[in-house]
2 protein chains.
Amino acid sequence: MPDENVTGLRPVHQRCSDCPIRHRAVCSYCAPAQLAELDAIKFYVDYAPGREIVGTGEPTKSLGSVVSGVVALQKILSDGRRQIVGLLFPGDFIGRPFEQRAPYDAVAVTPVKMCLFRRSQFEDLLTREPELEHRLLEMTLNELDAARDWMVLLGRKTAREKVASFLVVLARRAAVLEQARLADGLAFQIPLSRDAIAEHLGLTIETVSRQLTQLRKDALIHLDGARDVRLRDYRGLLEASGDDGDWDDTLVDSA
Amino acid sequence: MPDENVTGLRPVHQRCSDCPIRHRAVCSYCAPAQLAELDAIKFYVDYAPGREIVGTGEPTKSLGSVVSGVVALQKILSDGRRQIVGLLFPGDFIGRPFEQRAPYDAVAVTPVKMCLFRRSQFEDLLTREPELEHRLLEMTLNELDAARDWMVLLGRKTAREKVASFLVVLARRAAVLEQARLADGLAFQIPLSRDAIAEHLGLTIETVSRQLTQLRKDALIHLDGARDVRLRDYRGLLEASGDDGDWDDTLVDSA
DNA sequence: GTCCGTCCTTGATCTGAATCATGGGATGCG
DNA sequence: CGCATCCCATGATTCAGATCAAGGACGGAC
């Protein structure tokens, strides 16, 4: 119930150009044509780390996108086992249009700012603006592809490959965000605790810790503290991740 | 490259009412409004079991839906490990609009008949017909939810829970298709080999076999041959599947 | 500063599922 | 028919990762 959790509500007529998501390539529903209308109905909400944004089965009143921070989508089995089924970064869409109830929990893993719309209003706009809906479809198709990639990781990869794959994903994000080369020397932060990593990879916290140590000892990465990583042998890391063959990877420094 | 594999191409002007998918609730893009246009551009293709419909990275020329049979979507790692990331049943959509290349293989696991459209033609129609696109969005959102449910299975469930979950999914499908009660006594077939089941559940063939035997010994199911299953204790099977709490399950015989 | 709590690492042990190995029952074919 | 092949079940053994256990590093409260 995001509406109840408002801690940083802003005036409604704020310009969308103030909204950080607008500056990202993935922000595909804040397009010029619909900007004014979206602008008029959006609002902002802040969440503290660990805070639940929506719970499974709750009525979803709002949907929108992450402005800053990282959100985890998770499912919890009745005995407490947890699986993080997706991570959302700034610009990513959150919420389930055309459904009354959320199919999974959304939890803030860092301080999070959301840019939200009331579901009914957003759905109205969707039906009136085919182009908006088209972009949402493309985003959803991309998410589906990503989810299926992750299924391969969960079902078939070893612990080492899982951790290496996770680091590769983070490194790719960092390279795009910082307009940097995806190559040795690139530094980035792990935005999750060991616990959250484990629950994203289908492992335990101890195994994650051990594998990270091992990747460091194998000279594939530098580790400074628990969250600061620097690539030491990206090519090696990619091999350790189990899916080499992704050599359509234009970002890689081929030197 | 489906176009090359044509074994059952039919005349273009066949009425859509001949198309079996039209009679299914899930066939959401053969709606009356667009029926004539879709009718004019569709064609049929048959595939033998084991036949590849599209390969990962191949240019996707066609997309459409499954008319009969079962299709597996799979990814293969470079060393041969395989993960089936989705099963498609009659009425399910297949193909990746707005992308040049297929993100995963599609393989026929039974004899399959497809109802296909050339990608460019279908995409044209999508942009002209917002309602068509809307329905595709809803289907994609549902697939995404299903994929994330499966991630919980792959990441956090035991072998027994995985196999039980798989049977529950099949039982649900059978109940819907046959308009039957989802209750003890319901009989259905497993459309996959032990091998394919294993690769869908992230297990080995031996473990699948053992768990099925165990579920039989525990009096949760009857097993007649390798593929014929009859529910003996659905409630128990659901508990064994790890996600009870799904008691919004209106299909369940509450007696 | 001390105390406490949270997060992370590392070692020792255990176990669920993989792997290795064998045989049985279909089905197809020369 | 005999033989080969494929698919499945099941027993024996191994091993990757979970579990159990201990301790270190950091940060906040007081």
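# Chat about two chains and two DNA strands

Trainee: How much area do chain B and chain A bury between them?

Mentor: In this predicted model, chain B and chain A bury about 4,300 Å² between them, and 59% of that area is on carbon and sulfur atoms.

Trainee: Which three residues of chain B supply more of that than any other three?

Mentor: Those are B:Arg148, B:Met151 and B:Arg156, which supply 19% of the area that chain B buries against chain A.

Trainee: And how many residues does the contact take from each chain?

Mentor: The contact takes 45 residues from chain A and 45 residues from chain B.

Trainee: OK, switching to the DNA. Which residues come nearest to DNA strand D?

Mentor: There are 15 residues around DNA strand D, and A:Ala159, A:Thr207, B:Arg194, B:Ser209 and B:Thr213 come nearest. Of the atoms of DNA strand D that come within 4 Å of the protein, sugar and phosphate account for 62%.

Trainee: Which side chains have a polar atom by a phosphate oxygen of DNA strand D?

Mentor: B:Arg194 is one of them, with a side-chain N or O atom 2.7 Å from a phosphate oxygen of DNA strand D. B:Ser209 is another, and its polar side-chain atom also has a phosphate oxygen of DNA strand D at 2.7 Å.

Trainee: What about a base oxygen of DNA strand D, which side chain lies by that?

Mentor: Look at A:Arg210 there: a polar atom of its side chain lies 2.8 Å from a base oxygen of DNA strand D.

Trainee: Which helices supply at least two residues of the surface near DNA strand D?

Mentor: Helix H6 (205-217) of chain A and helix H6 (205-217) of chain B each do. H6(B) gives the most, with four residues.

Trainee: And how does that surface split by class?

Mentor: The surface near DNA strand D has seven polar, five charged and three nonpolar residues.

Trainee: Now DNA strand C. Which residues are closest to that one?

Mentor: DNA strand C is surrounded by 15 residues, the closest being A:Arg194, A:Ser209, A:Thr213, B:Thr207 and B:Arg210. Sugar and phosphate make up 63% of the atoms of DNA strand C that come within 4 Å of the protein.

Trainee: Any distances to a phosphate oxygen of DNA strand C, and which residues are they for?

Mentor: I can give you three residues. The side chain of A:Arg194 has an N or O atom 2.6 Å from a phosphate oxygen of DNA strand C. For A:Ser209, the distance from a side-chain N or O atom to a phosphate oxygen of DNA strand C is 2.8 Å. On chain B, a polar side-chain atom of B:Thr204 lies 3.1 Å from a phosphate oxygen of DNA strand C. The elements giving two or more residues to the surface near this strand are H6 of chain A and H6 of chain B.

Trainee: Which element has the largest share of the surface near DNA strand C?

Mentor: That is H6(A), with four residues. By class, the surface near DNA strand C divides into five charged, seven polar and three nonpolar residues.

Trainee: Let's change topic. How many cavities of 30 Å³ or more does the structure hold?

Mentor: The structure holds three of them. The largest cavity has a volume of about 290 Å³, and the second largest has about 210 Å³.

Trainee: What lines the largest cavity?

Mentor: It is lined by 26 residues, and B:Phe93, B:Ile94, B:Gly95, B:Arg96 and B:Tyr104 lie nearest its centre. By class, 18 of the lining residues are nonpolar, four are polar and four are charged.

Trainee: Which element gives the most to that lining?

Mentor: H3(A) does, with four residues. Elements that each supply at least two residues of the lining include helix H3 (130-156) of chain A and strand S3 (62-68) of chain B.

Trainee: And which residues lie nearest the centre of the second largest cavity?

Mentor: They are A:Ile94, A:Gly95, A:Arg96, A:Tyr104 and B:Arg148, out of 20 lining residues. You met B:Arg148 earlier, among the three residues that supply 19% of the area chain B buries against chain A. H3(B) gives the most to the lining of the second largest cavity, with four residues.

Trainee: How does the lining of the second largest cavity divide by class?

Mentor: It has 13 nonpolar, three polar and four charged residues.

Definitions and conventions
Residues are numbered from 1 along each chain as its sequence is written. Chains are lettered from A and ligands numbered from 1 in the order in which they are written. This is a predicted model: local features need pLDDT of at least 70, side-chain atom pairs count only at pLDDT 80 or more; totals for chains, interfaces and linings use all residues. Side-chain values use heavy atoms; hydrogens and water are left out. On a 1 Å grid over the protein atoms alone, a cavity is a set of points where a 1.4 Å probe fits but cannot get out, and a pocket is an open set with protein on both sides within 12 Å along at least five of seven lines; lining residues have an atom within 4 Å of a point. Grid points are joined across faces, edges and corners, and a volume is the space filled by probe spheres set on the points. Ala, Val, Leu, Ile, Met, Phe, Trp, Tyr, Cys and Pro count as nonpolar, Asp, Glu, Lys and Arg as charged, and the others, Gly among them, as polar. A residue is near a molecule or strand if one of its heavy atoms lies within 4 Å of it. A polar contact is a pair of N or O atoms within 3.5 Å; within protein, one must be able to donate a hydrogen and the other to accept it, and residues adjacent in sequence count only if both atoms are side-chain atoms. Contact means heavy atoms within 4.5 Å. Buried area is the accessible area (1.4 Å probe) that two parts lose on being put together, summed over both.
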